[in-house]
Amino acid sequence: MIQLDGVTKIYPARGGRKVVLDDVNFVLERGQKIGILGPNGAGKSTLIRLLAGVEQPTSGAIRRHMSLSWPLAFGGAFQSSLTGLDNLRFISRVYGCDESKMRAFVDEFSGLGRYLREPIKVYSSGMRARLAFALSIAVEFDCFLIDEVIAVGDQQFQERCREELFVKRGDRSMILVSHDPNLIRQHCTLAAVLNAGKLTVCDSVDEAWARYCGQPVKETAAGDGADTTTQPGE
């Protein structure tokens, strides 16, 4: 289980402060997959970084009762003066993985060839993303954090990513940030909207999409089965 209790994230800004996440609460059980929709600047990537432990919340608590990946294709933690292979060795030791098996998988999946033996600092952004994605799925996490990563690489590489992530690891939990409701509908069991720092967990992807688009949301009044229409956020 992953539980967020009153998570708030505030950054200093010119003339004051910027509240990016405001009292966010939700629970993700083992095996559940939640898709999060939200406009640019809503705080989606910040939420992913907090879940991964890359940053800490200003207030509130994140309780992790299963292992979480770093954001897929996130290469910000690489030691750029070391080779891709050296970074792989370090990660395999941190997570207690079999180095030879991880190396064989990453070598084949990333397609980086001889560049695995080159320093990360000579990699293009695409090469870094391919290495980071390959390393992410080489570690058998309980929950994967996905921040619009399916666009990494060419079409063939994207299809391989989908196969490894959504088919072979279909029993894992996932937190998927996307602007694509079809992707969320296809792969997620829950849907939510993050807007102005507030997270709203919805009953369906259609409801989440309506809230995301600012359309009226039809709800059922408790007790009488009558339909009522409310505006998002009410």
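Phe 144 stands opposite Met 174 of strand S6, a handy place to enter this predicted model. Phe 144 belongs to strand S5, which spans residues 143-147, and its partner strand S6 covers residues 173-177. The two strands run parallel and are joined by 5 bridges. As for its surroundings, S5 is largely enclosed by the rest of the structure, because 4 of its 5 residues are buried.

Next comes a sheet with antiparallel pairing. This one is open and has 3 strands, in the order S2-S1-S4. Its edges are S2 (16-28) and S4 (59-64), each of which pairs on one side only. On average, and with direction ignored, neighbouring strands here are turned by 25 degrees against each other. Strand S1, made up of residues 2-13, runs antiparallel to S4, and 5 bridges hold the pairing. Within that pairing, Thr 8 has Ser 59 of S4 as its bridge partner. Helix H1, formed by residues 44-52, packs on this sheet and touches S1, S2 and S4. The direction of H1 makes about 120 degrees with that of S1.

Then there are the helices H3 and H5. Helix H3 takes in residues 99-110, and its axis comes within 11 Å of the axis of H5, the two crossing at roughly 140 degrees. With angles counted as roughly antiparallel over 145 degrees, H3 is therefore classed as oblique to H5. On the H3 side, the contact is made by Phe 105, Glu 108, Phe 109 and Ser 110; H5 brings in Phe 157, Arg 160, Cys 161 and Glu 164. Sorted by class, that contact comprises 4 nonpolar, 1 polar and 3 charged residues.

Glu 164 deserves a look of its own. It sits in helix H5, which runs over residues 155-167. Is Glu 164 buried or exposed? Its relative accessibility is 9%, so Glu 164 counts as buried, the cut-off being under 20%. Leaving aside residues up to four places away in sequence, Glu 164 touches Phe 105, Phe 109, Ile 137 and Arg 169. Of these, Phe 105 and Phe 109 also appear on the H3 side of the helix contact. The side chain of Glu 164 makes a polar contact as well, reaching the side chain of Lys 168 at 3.1 Å. Glu 164 thus combines a place in the H3 contact with a side-chain link to Lys 168 and a buried setting.

Key. Residues are numbered from 1 along each chain as its sequence is written. This is a predicted model: local features need pLDDT of at least 70, side-chain atom pairs count only at pLDDT 80 or more; totals for chains, interfaces and linings use all residues. Side-chain values use heavy atoms; hydrogens and water are left out. Buried means under 20% relative accessible area, exposed over 50%, partly exposed in between (1.4 Å probe, protein chains only). A polar contact is a pair of N or O atoms within 3.5 Å; within protein, one must be able to donate a hydrogen and the other to accept it, and residues adjacent in sequence count only if both atoms are side-chain atoms. Contact means heavy atoms within 4.5 Å. Two strands pair if DSSP finds at least two bridges between them. Axes are lines fitted to C-alpha atoms, for helices over the stretch in contact, and angles run from 0 to 180 degrees between N-to-C directions. Angles under 35 degrees count as roughly parallel, over 145 as roughly antiparallel, 65 to 115 as roughly perpendicular and the rest as oblique. Ala, Val, Leu, Ile, Met, Phe, Trp, Tyr, Cys and Pro count as nonpolar, Asp, Glu, Lys and Arg as charged, and the others, Gly among them, as polar.
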